[in-house]
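Let's take a walk through a protein model together, one stop at a time. Have the sequence and the 3D view ready, and pause whenever you like.

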Amino acid sequence: MESVSAVFAGTALALFGAALLIWTGARALHRAPVAHDVSPVASTALTTLFGVVFLGLGVWCFTLV
């Protein structure tokens with residue numbers, strides 16, 4: 001039962017992290033703002049950081065299975 005929870009959490013975190021990285025990359029490629037009323041460099045850097053963190057947590061959950 002514990003492995004089912006790890007697979008679900010890993011899938012959710014990995015999908016969210018990958019989607020966040022793809023979205024940030026597309027926004028940066030088109031030179032569109034990632035977040036409004038925030039420095040473009042800071043918002044792109046923080047969004048990329050959190051995307052990598054969520055993707056890493058998803059992969060870590062998969063190692064627990």
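Does F16 count as buried, exposed or partly exposed? Keep in mind that what you are looking at is a predicted model. At 43% relative accessibility, F16 counts as partly exposed, because that value falls between the cut-offs of under 20% for buried and over 50% for exposed.

F16 is a good place to begin, since it has a partner. When the whole structure is searched, one aromatic pair turns up. Its two members are F16 and F54, which meet edge-to-face, with 5.0 Å from centre to centre and 85° between the planes. F16 belongs to helix α1 and F54 to helix α2, so the pair ties together parts that are 38 residues apart in sequence. If you wonder what those two values tell you, a pair of aromatic rings is described by the distance of the centres and the angle of the planes. F54, like its partner, is partly exposed; its relative accessible area is 25%.

Now follow F54 into its helix. Helix α2 covers residues 40-63. It is made of 24 residues and reaches 35 Å from its first C-alpha to its last, close to the 34 Å expected at 1.5 Å a residue. Which residues of α2 are buried? They are S43, T47, G51, G58 and C61. Look at the spacing of these numbers with one idea in mind: an α-helix has 3.6 residues a turn, so residues three or four places apart point the same way. As for what covers the buried residues of α2, helix α1, residues 2-29, is included.

Let's zoom in on one of these buried residues, T47. Its relative accessible area is 14%, and it is buried because that value is under 20%. What does T47 touch? Leaving aside its neighbours within four places in sequence, T47 is in contact with L20, W23, T24 and V34. Take L20 from that list: the C-alpha atoms of T47 and L20 are separated by 7.3 Å, although these residues are 27 residues apart along the chain.

Compare that with another pair. V38 and T11 are also 27 residues apart along the chain, yet their C-alpha atoms are separated by 30 Å. V38 sits in the loop between α1 and α2, and it is partly exposed, with a relative accessible area of 45%.

Stay in this loop for the last stop. Most residues other than glycine have a negative phi, and most peptide bonds are trans. R31, which lies in the loop between α1 and α2, has a positive phi near 55° without being a glycine. D37 is found in the loop between α1 and α2 as well, and its phi is also positive, at about 60°, although it is not a glycine. Are these residues buried or exposed? R31 is exposed, with a relative accessible area of 80%, and D37 counts as exposed at 84%.

Technical notes
Residues numbered from 1 in each chain as written. Predicted model: local features only at pLDDT ≥ 70, side-chain atom pairs only at ≥ 80, totals over all residues. Heavy atoms only, no water. Helix = DSSP H or I, 4+ residues; strand = E, 2+ residues; numbered from the N terminus. Buried < 20%, exposed > 50% of the residue type's maximum accessible area, 1.4 Å probe, protein only. Contact = heavy atoms within 4.5 Å. Expected span 1.5 Å × (residues − 1). Phe/Tyr/Trp six-rings, centres within 6.5 Å; stacked < 30°, edge-to-face > 60°.
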